[in-house]
Structure formats: structure tokens, C-alpha cells
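Subject: Structure for you to look at

Dear colleague,

I am handing over the structure below, and after it I set down what was found. Please read the notes with the model open beside you.

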Amino acid sequence: MLKIADVHANYGTASILRGVDLDVASGEVVGLLGRNGMGKTTLVRTCAGLAPPRLVQGEITFDGQPIHGLPSYQIGAQGIGLVPQGRHVFGSLTVLENLQVAARAAKDGDDGWTLDRVYGLFPRLKDRFNSRARNLSGGEQQMLAIGRALMTNPKMLLMDEPSEGLAPIVLGVIRQQLQELKTQGLSILLVEQSLGMAERLCDRLYILGEGGVIVWEGVPADLNADERAKRVHLGV
Ligand SMILES: Nc1ncnc2c1ncn2[C@@H]1O[C@H](COP(=O)(O)OP(=O)(O)O)[C@@H](O)[C@H]1O
Ligand SMILES: [Mg+2]
């Protein structure tokens with residue numbers, strides 16, 4: 001579904017990604033791990049068509065169509081939803097307004113995401129529909145960021161560190177909600193710094209490491225057993 005081939009990306013003259021290969025099949029949940037500063041967000045932004053960074057080499061295809069070089073709204077319209085690092089909900093808008101501004105109709109024949117369906121997945125958002133987003137807890141804001149992306153009716157979600165800064169109890173709730181999205185067949189590229197959440201949710205994992213390349217790939221059980229890879233590439 002998403003195919004990233006030999007992607008190189010820069011900020012100005014600083015080269016961050018130096019030949020990344022990664023793919024996500026339809027219905028698959030794939031984890032992208034790596035220590036802080038390795039370029040995970042840079043890769044997510046490159047896929048979503050956000051600048052900076054600048055793609056200097058390589059190809060990204062989605063459903064067989066090249067998407068590199070397209071503006072972000074066109075990439076969104078093709079069915080890639082972004083849950084950015086740090087959530088970036090619209091603080092002065094209410095929960096309901098945040099969801100409404102993102103809404104995009106499903107393609108003909110698709111089972112679309114509606115307000116009711118988002119509230120079904122995140123009952124907490126329904127309780128707080130009239131609160132301004134800036135007054136939500138971190139966990140609620142994360143649910144809103146995910147809900148907002150779902151309202152665009154994506155075929156795939158790019159999620160950049162959804163667990164960042166959340167208390168363990170909230171993490172458990174979000175993990176269950178992501179598990180439910182997976183069960184419903186949504187494809188997800190899940191970025192995380194550490195194994196925790198990714199290990200339980202993901203079908204396959206990649207680690208982005210020194211040099212701006214993928215340094216490890218495989219299934220979660222293999223990474224869990226690979227003490228060296230965990231120590232060297234994740235610092236655990
Ligand atoms: N807007 C930017 N301009 C210049 N350098 C950046 C910018 N954003 C990130 N970087 C640098 O690019 C590298 C990768 O950052 P990032 O993709 O955010 O890493 P990660 O998400 O893995 O923590 C880091 O060295 C970071 O300092
Ligand atoms: Mg990041």
C-alpha cells in the first residue's frame with residue numbers, strides 16, 4: 001500500500017535520511033522505531049508532503065501511485081491521514097469543531113467515518129464535545145488528534161509518537177483503541193521511540209538508526225529477543 005524506496009531527505013544542506021526503504025501492506029500495522037533525533041518525524045513529514053524537509057532522492061508510492069512531490073492536501077485526499085507528533089489540535093476550537101473541520105466524505109462505496117463513529121471509538125470525546133481542545137488532558141488531545149485524522153476517511157494513518165508524554169493508564173486506553181482500528185482493517189505506520197506500545201500492536205517493525213537508514217527490520221518477537229539490537233539501536 002505504502003512503499004518508500006531509497007528516500008533521502010534534507011533540511012537545508014543537512015542530510016537526515018540517506019536511503020530509507022520501508023513498506024506497509026494493506027491492513028498491516030507497521031512500527032517505525034528509533035532513538036530521538038534519528039529522523040522518524042522527518043520520514044513521516046516526507047510521506048505526508050510537508051516541508052521542510054526536502055526530498056532529494058527516492059520514491060514514495062501509495063496504492064501504486066507516486067505521491068512524492070505532491071502537496072500535502074493531495075496526499076491527504078489520496079487517503080493518508082496524519083496524526084502529528086505533539087498532537088497539534090486546534091486549541092481554541094471545541095472538540096466537535098476540531099472534528100468537523102477535518103471531515104472529508106468517504107469514497108463512494110466505502111464505509112465512512114462519521115462523528116458518531118469517532119465518538120463510538122472515543123466515548124471520552126463525546127463527553128467533552130463542547131470543550132475547547134486546549135482544556136483537554138494530554139490523552140484526550142491524543143484521542144482528538146486521532147479522531148480528527150479519521151474524519152478525513154483515510155486508508156492509512158501515519159501516527160507520530162502517539163504515546164509521547166502520556167500516563168501509563170491513558171496509554172492502555174489508546175492502545176486498545178488502536179487495536180480496534182487495526183481490527184477494523186486500517187493500515188497504520190506507527191512511530192515510537194521505544195518498543196512498548198509498538199511491540200503489542202505491530203505486525204512488523206523497522207528501526208531507523210545512525211546514518212539515516214533502516215538498521216533493523218523484523219517481527220516484534222525477534223526484536224524482543226535481540227538484546228544487542230535493542231541496546232545499540234534503541235538504547236535499552
Ligand atoms: N525543521 C528542522 N530544521 C533543521 N533540522 C531539523 C528540523 N527538524 C528536525 N531537524 C533535525 O533532523 C534530525 C531528525 O529529526 P527528527 O526527524 O525530528 O527525529 P526523530 O523524530 O526521530 O526524533 C535531528 O537531528 C533534528 O535536529
Ligand atoms: Mg519525532
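I begin with a detail of the backbone: His88 is found in the loop between S6 and H3, where its phi is positive, at about 50°, although the residue is not a glycine. Please keep in mind throughout that this is a predicted model. The side chain and backbone of His88 taken together have a relative accessible area of 54%, and because exposed means over 50%, His88 counts as exposed. The loop between S6 and H3 also holds Arg87, another residue other than glycine with a positive phi, in this case near 70°. Is Arg87 buried or exposed? With a relative accessibility of 13%, Arg87 counts as buried, since the cut-off for that class is under 20%. These two residues deserve a look because most residues other than glycine have a negative phi, and most peptide bonds are trans.

The second half of that rule brings me to the loop between H1 and S4, in which both Pro52 and Pro53 lie. The peptide bond from Ala51 to Pro52 is cis, with omega near -10°, and a cis peptide bond also joins Pro52 and Pro53, with omega about 0°.

Pro52 comes up again at ligand 1, where it is one of the surrounding residues, together with Tyr11, Ile16, Arg35, Asn36, Gly37, Met38, Gly39, Lys40, Thr41 and Thr42. Sorted by character, this shell consists of four nonpolar, five polar and two charged residues, and its largest share, three residues, is supplied by H1. As for polar contacts, an oxygen atom of ligand 1 lies 2.8 Å from an N or O atom in the side chain of Lys40, while a polar backbone atom of Gly39 is 2.9 Å from an oxygen atom of the ligand, and a backbone N or O atom of Met38 is 3.2 Å from an oxygen atom of ligand 1. On its own, ligand 1 has 560 Å² of accessible area, of which the protein covers 58%.

Thr41, listed above among the residues around ligand 1, has a part in the metal site as well. Which residues coordinate the magnesium ion, ligand 2? The ion is coordinated by Thr41 through OG1 and by Gln85 through OE1, at 2.0 to 2.3 Å. This pair links distant parts of the chain, since Thr41 belongs to helix H1 (residues 40-48) and Gln85 to the loop between strand S6 (80-83) and helix H3 (95-102), with their positions 44 residues apart in the numbering. Thr41 is partly exposed, with a relative accessible area of 25%, and Gln85 is likewise partly exposed, at 24%.

Helix H1 also contains Arg45, which is partly exposed, with a relative accessible area of 26%. Arg45 and Ser72 are 27 residues apart in sequence, and their C-alpha atoms are 9.2 Å apart in space. A second pair of this kind is formed by Gly112 and Met151, which are 39 residues apart along the chain and have their C-alpha atoms separated by 8.4 Å. Gly112 lies in the loop between H3 and helix H4 (115-121), and at 26% relative accessibility it counts as partly exposed.

Turning to the strands, there is an open sheet of four, with the order S2-S1-S4-S5 and antiparallel pairing. Its edge strands are S2 (14-24) and S5 (65-66), each of which pairs on one side only. Strand S4 (residues 54-62) pairs with S5 in the antiparallel sense over two bridges, and the bridge partner of Phe62 in S5 is Gln65.

Strand S7 (residues 156-160) takes part in parallel pairing: with S6 over four bridges, and with strand S8 (residues 187-192) over five. Met156 appears in both pairings, as the bridge partner of Ile80 and opposite Ser187 in S8. How many residues of S7 are buried? The strand is mostly covered, with five of its five residues buried, and both of its faces are covered, Met156, Leu158 and Asp160 lying on one side and Leu157 and Met159 on the other.

With best wishes

Conventions: Residues numbered from 1 in each chain as written. Chains lettered and ligands numbered in written order. Predicted model: local features only at pLDDT ≥ 70, side-chain atom pairs only at ≥ 80, totals over all residues. Heavy atoms only, no water. Donors = N, O, S within 2.8 Å, 3.2 Å for Na, K, Ca; no water. Buried < 20%, exposed > 50% of the residue type's maximum accessible area, 1.4 Å probe, protein only. Near = heavy atom within 4 Å. Polar contact = N/O pair within 3.5 Å; in protein donor to acceptor, adjacent residues only side chain to side chain. Areas by Shrake-Rupley, 256 points an atom, 1.4 Å probe, with all protein chains shown as cover. Nonpolar A, V, L, I, M, F, W, Y, C, P; charged D, E, K, R; others polar. Pairing = 2+ DSSP bridges.
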